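Biologist: I'm new to this one, so could you take me through a single part of it up close? Let's pick the hairpin and stay there for a while.

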Amino acid sequence: TMTPLPQHPELRTRILSNGLEIRALANTTPSDRLQVYLEVKTGSINEQEDEQGIAHFVEHAVFLGTEKYPTAELMKTRLASLGMSFGGDSN
């Protein structure tokens, strides 16, 4: 049996009316920065045999084809402007 890791005592948790759970932890360094993690509680473990790969595809394609990121190249350019790289800092 696995024991859950303890939560930070200052971690704030809120569940929105649509079921989305938000967790926030204030930080002072670096200033004027926000770091965000998105945990999607689904994936291949939840897929049927004939669905294998769909969650992974959606993970990679979720922003592509949108008005803001119509191509993969624009997504890569945006990440580069933030000092990030696709695959290295995001997947």
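How many bridges join strand 1 to strand 2, and do the two run parallel or antiparallel?

Modeller: Before we dig in, this is a predicted model, so local features need pLDDT of at least 70 and side-chain atom pairs count only at pLDDT 80 or more, while totals for chains, interfaces and linings use all residues. Residues are numbered from 1 along each chain as its sequence is written, and side-chain values use heavy atoms, leaving out hydrogens and water.

Now the hairpin: strand 1 (residues 12-15) and strand 2 (residues 21-24) run antiparallel, joined by four bridges. Strands here are DSSP runs (E) of at least two residues, numbered from the N terminus, and two of them pair if DSSP finds at least two bridges between them. To trace one link yourself, start at Arg-12, whose bridge partner in strand 2 is Ala-24. Five residues sit between the strands, and in this hairpin Gly-19 takes a positive phi near 95 degrees.

There's a side-chain contact to look at too: Glu-21 and Arg-23 meet in a salt bridge, at 2.7 Å from N to O. That term needs a side-chain nitrogen of Lys or Arg within 4 Å of a carboxyl oxygen of Asp or Glu, and the structure holds one such bridge. Side chains of opposite charge can pair when their charged atoms come close. Glu-21 is partly exposed at 33% relative accessible area, and Arg-23, at 46%, is partly exposed as well. Partly exposed is the range between buried (under 20% relative accessible area) and exposed (over 50%), using a 1.4 Å probe and protein chains only.
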